[in-house]
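Visitor: I'm new here, and I keep hearing words like "buried" and "contact". Could you show me how such words get earned?

Guide: Happy to, so let's put the model up and begin.

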Amino acid sequence: MTTNQSQSILLAGASGVLGRHIARALTDAGHKVTGLGRSEGNGVRADLMDRDALLRAVDGQHFDTVVHAATALRKPPMRHRDMYATDALRIEGTAHLVEAARATGARRFVTESMVFGYGYGDFGDRPITEDDAFGPRGTDPELERHLAGMRTKEQLTFEAAGLEGIALRFGLFYGPGGTENILTLLRKRQLPAPADHGRVLPWVELTDAARAVAAAVVHGRPGQAYNVADRTPLGFRAHLLCVAEEVRTAEADDRTAVAHEADELRAHDVLGEPEGVGGEGRAGTGLDARVPVQPRRAGRTARRDDPVITDRAGTPRTCASAGIRVSR
């Protein structure tokens with residue numbers, strides 16, 4: 001497999017929000033990208049859940065690397081059942097894609113994973129790194145269903161004979177194509193925002209997540225999982241406040257329809273005055289300078305040897321400079 005030259009890459013999920021960013025990052029890095037999915041515009045049209053159709057679709061084609069960024073989500077999940085199709089895709093769909101990757105002669109398999117595979121709960125002040133167990137059994141049947149999907153997806157990636165498996169464990173996505181979905185839910189009063197109570201979550205900006213994939217295609221170590229997240233974690237409610245502040249910034253800059261919608265948002269009990277709320281820094285894509293994912297309030301200073309993909313210093317910043325943007 002080529003590593004420092006242009007590669008031929010099959011991208012499953014190329015038409016999704018993250019997939020579009022990945023396709024752009026890979027193309028900018030000089031690779032030839034072929035999309036795999038059910039919709040028009042994909043070079044290979046197939047459903048990952050249909051093994052036989054998938055193998056027919058890739059028959060006779062060659063790729064150096066396969067990137068698995070496919071999900072079954074069409075909107076942000078609000079209930080457990082909203083994740084069922086993606087849970088199945090992580091298991092059956094991944095198994096089928098691994099088989100297809102072998103059929104195309106690919107040597108490397110890069111898969112999208114999530115830091116929530118470490119479990120759903122309060123981890124205290126201790127940063128979570130790749131040394132922590134991934135995919136522990138869920139505390140109830142619903143959580144186990146989701147964790148089993150993430151656990152199995154990575155197992156299939158790492159255990160696939162003849163493939164160099166790499167997993168990127170992303171934080172929650174925000175940025176172009178992602179933040180707009182949150183704003184839509186806020187406008188419809190459909191997004192609950194309980195108090196953070198000091199708890200924070202790992203986040204990652206979508207374009208940075210895509211650049212991390214491009215870095216892993218060339219520099220990732222086979223058999224390695226990487227946590228990919230901003231240096232500065234943020235509570236979910238605090239993140240919503242940052243989104244609201246961006247809307248108000250748009251109102252101040254350009255008094256258009258966005259301004260009127262911002263007035264409506266401000267009436268919602270979620271969107272109080274956000275002064276003093278720290279925004280998140282942006283994750284980067286270098287494979288050498290690293291910081292820990294911190295599912296709760298930071299307990300120590302990051303060290304360079306912590307195994308996470310990033311290359312920019314992340315410092316607390318105001319919401320206006322946190323990289324959160326709302327389309328106007």
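**How the labels are earned**

Guide: Leaving aside its neighbours within four places in sequence, A225 is in contact with E130, E154, F158, A167 and R169. Contact here means heavy atoms within 4.5 Å. Before we go on: this is a predicted model, where local features need pLDDT of at least 70, side-chain atom pairs count only at pLDDT 80 or more, and totals for chains, interfaces and linings use all residues. Residues are numbered from 1 along each chain as its sequence is written, and side-chain values use heavy atoms, with hydrogens and water left out.

Visitor: What makes A225 count as buried or exposed?

Guide: Buried means under 20% relative accessible area, exposed means over 50%, and partly exposed is in between, using a 1.4 Å probe and protein chains only. A225 has a relative accessible area of 6%, so it is buried. A225 sits in strand β9; strands (E, at least two residues) and helices (H or I, at least four) are DSSP runs, numbered from the N terminus. The C-alpha atoms of A225 and F134 are 10.0 Å apart, with their positions 91 residues apart along the chain.

Visitor: How confident is the predictor in the protein chain, going by the mean pLDDT?

Guide: pLDDT is the predictor's confidence in each residue, from 0 to 100. The mean for the protein chain is 75, and 71% of its residues reach 70 or more. Over residues 254-328, though, the pLDDT is below 50; this stretch still has 207 contacts in the model beyond near neighbours in sequence.

Visitor: And what does the protein chain contain in the way of secondary structure?

Guide: There are 8 helices and 11 strands. Of the 328 residues, 54% are buried.

Visitor: What makes β3 and β9 edge strands?

Guide: Two strands pair if DSSP finds at least two bridges between them. An open sheet of 7 strands runs in the order β3-β2-β1-β4-β5-β6-β9, with parallel pairing. β3 (44-45) and β9 (225-228) each pair on one side only, and that puts them at the edges.

Visitor: How do you know that β1 and β4 pair?

Guide: Count the bridges: strand β1 (residues 8-12) and β4 share 4, in the parallel sense, against the required minimum of at least two. A12 faces H68 in β4. On the other side of β1, 5 bridges join it to strand β2 (residues 32-37), also parallel, with T34 of β2 as the bridge partner of L10. β4 also pairs with strand β5 (residues 108-114) over 4 parallel bridges, where V67 is matched with V110.

Visitor: Which way do the residues of β4 point?

Guide: From β4 (residues 65-68), T65 and V67 point one way and V66 and H68 the other, and all are buried.

Visitor: Why is T111 called buried?

Guide: T111 has a relative accessible area of 1%, which is set against the under 20% rule, so T111 is buried. This residue of β5 touches H68, K153, T157, I166, A167 and L168, not counting residues up to four places away in sequence.

Visitor: Why are α2 and α3 called roughly parallel?

Guide: Axes are lines fitted to C-alpha atoms, for helices over the stretch in contact, and angles run from 0 to 180 degrees between N-to-C directions. Angles under 35 degrees count as roughly parallel, over 145 as roughly antiparallel, 65 to 115 as roughly perpendicular, and the rest as oblique. The axes of helix α2 (residues 51-58) and helix α3 (residues 84-103) come within 10 Å and cross at roughly 25 degrees, so α2 is roughly parallel to α3. Their contact is made by R51, L54, L55 and V58 of α2 and H96, L97, E99 and A100 of α3.

Visitor: What makes α1 and α6 oblique?

Guide: The axes of helix α1 (residues 17-28) and helix α6 (residues 206-219) come within 8 Å and cross at roughly 55 degrees. That angle falls in none of the named ranges, so the pair is oblique.

Visitor: How do you know whether H146 is buried or exposed?

Guide: H146, in helix α4 (residues 141-159), has 5% relative accessibility, so it counts as buried. Residues it touches include H80, M83, Y84 and Y120, not counting residues up to four places away in sequence.
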